[in-house]
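The following explanation leads through selected helices and one further site. Please consult the sequence and the model as the text proceeds.

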Amino acid sequence: SKSKTLTKYAQIYEELGLQTTCIPLTIPELWLRPLSKRTVKKRMGTNKLRPQAENTLLHVFSGSSASHLTHLLNYIRSSPSNLKGIIFDSSPVGYSLQAGLLAIEMLKKQGKMLPIVGTAIGLTGRLMSAIFSDYMNRLASETWLCEDLRTIPHLYLYSSNDEVIGSAFIEEWIGRQRERGVQVDAHEWKDSAHVRLFQDDPQKYQKQIADFLAKNHLADV
């Protein structure tokens, strides 16, 4: 991946002897499912590591669980690979105007987005939310409750200080998954911002992943 941030996460798995493929998404791709589908297809289609890996573990962040996760699952269904587990970081996140605006403000404060760009995206987000949010949230919920995810273990890593998506929403989904028999592990950070868990405590983050892999015999994924 060209993304330095995702490369740091990939190194966690590579140090455990696993091969990785990173799929960074832009903000438009998070909102527009056709764009997300094209990106996933292109990235997985050109994956030179093991496009037909026998087993697969997914690690999704923030809003990607409501967009390209659907396309990743479709790709896995059409391949010989078997899905063995999934890790949610600061996720799941539904399609919410408020969450989107907070994410934009966070990026602006971090200097990762120009104010004028953030304003333009915010206006577009208001329009998209008004037209499509109910429909897109329904599709996201269908993905999170699909049979593929019911039969594999889940790990949720999240923070009670997440300014984009409240921990109550994630904990609600943790409860819903447990109610339908999903094997769920969850670990809460107290002070980390959205998708800052690894940066704030890399040792804890890596340990949670290593423990999850070991507990579920996924070290040879």
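**Two helices and a buried asparagine**

In this predicted model, the buried residues of helix α8 are S167, I170, W173, I174 and Q177. Viewed down the axis of α8, these buried residues fall within an arc of 125°, so they line one face of the helix. An α-helix has 3.6 residues a turn, so residues three or four places apart point the same way. On the other side of α8, A168 and E179 are exposed. The helix comprises 13 residues, 167-179, and its span from the first C-alpha to the last is 18 Å, close to the 18 Å expected at 1.5 Å a residue. Just after α8, G181 adopts a positive phi of about 90°.

Helix α1, formed by residues 4-14, can be read in a similar manner. Its buried residues are L6, Y9, A10, I12 and Y13. Seen down the axis of α1, they fall within an arc of 145° and therefore line one face of the helix. K4 and K8, on the other side of α1, are exposed. The cover over the buried residues of α1 includes the strands β1 (55-61) and β2 (82-89), together with the helices α9 (197-200) and α10.

Helix α10 (202-215) also leads to the last site, since N216 lies in the segment after it. Why does N216 count as buried? Its relative accessibility is 14%, and buried means under 20%. The side chain of N216 makes a polar contact with the side chain of Q183, at 2.5 Å. Leaving aside neighbours within four places in sequence, N216 is in contact with P153 and Q183.

Conventions:
Residues numbered from 1 in each chain as written. Predicted model: local features only at pLDDT ≥ 70, side-chain atom pairs only at ≥ 80, totals over all residues. Heavy atoms only, no water. Helix = DSSP H or I, 4+ residues; strand = E, 2+ residues; numbered from the N terminus. Expected span 1.5 Å × (residues − 1). Buried < 20%, exposed > 50% of the residue type's maximum accessible area, 1.4 Å probe, protein only. Arc of directions from axis to C-beta. Polar contact = N/O pair within 3.5 Å; in protein donor to acceptor, adjacent residues only side chain to side chain. Contact = heavy atoms within 4.5 Å.
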